[in-house]
Amino acid sequence: MPYERRGSDRDFPKPVEVGKEYDVEIEETSRRGEGITRIEGLVVFVPNTKPGDKLRIKVTNVGRRFAEAEVIGEAEAAEEEEESETE
């Protein structure tokens, strides 16, 4: 009988999709130095970020247990807050 890992045949839908954009806040730093955020519980690694950064990211890869994304700008909510503070 071939060896099977438990749950290997299950492929649950992910809360993110490659190419979609999300506004997030970086929560912590990984061992490799990448920023970490979570979208509906799924860990997303974002290079060149630090905790507290509020950003707009674009998902570049979705794996079984995590996703990877790139920064495309500041989060829209953060921009709106900055504008209201300057008025």
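The protein chain in this predicted model holds 1 helix and 6 strands. Along the sequence these elements run in the order β-β-β-β-β-β-α, with the helix following the strands.

The protein chain has 87 residues, and 28% of them are buried. Its accessible surface amounts to about 6,700 Å², and carbon and sulfur atoms supply 44% of that area. Among contacts in the protein chain with a separation of 6 or more, 42% link residues that lie 24 or more positions apart.

**Arginine 56**

Arginine 56 sits in strand β5, which spans residues 54–62. Its relative accessibility is 18%. Because buried means under 20% relative accessible area, arginine 56 counts as buried.

The side chain of arginine 56 takes part in polar contacts with two acidic side chains, aspartate 23 and glutamate 76. The table gives the distance for each.

| Side chain | Partner side chain | Distance |
|---|---|---|
| Arginine 56 | Aspartate 23 | 3.2 Å |
| Arginine 56 | Glutamate 76 | 3.2 Å |

Leaving aside residues up to four places away in sequence, arginine 56 touches Glu21, Tyr22 and Asp23, and also Glu70, Val71, Ile72, Gly73, Glu74, Ala75 and Glu76. Both polar partners appear in this set, as Asp23 and Glu76. Other residues touched by arginine 56 include Glu21, Glu70 and Glu74.

In short, arginine 56 is a buried residue of strand β5, and its side chain has polar contacts with the side chains of aspartate 23 and glutamate 76.

Technical notes
Residues numbered from 1 in each chain as written. Predicted model: local features only at pLDDT ≥ 70, side-chain atom pairs only at ≥ 80, totals over all residues. Heavy atoms only, no water. Helix = DSSP H or I, 4+ residues; strand = E, 2+ residues; numbered from the N terminus. Buried < 20%, exposed > 50% of the residue type's maximum accessible area, 1.4 Å probe, protein only. Polar contact = N/O pair within 3.5 Å; in protein donor to acceptor, adjacent residues only side chain to side chain. Contact = heavy atoms within 4.5 Å. Areas by Shrake-Rupley, 256 points an atom, 1.4 Å probe, with all protein chains shown as cover.
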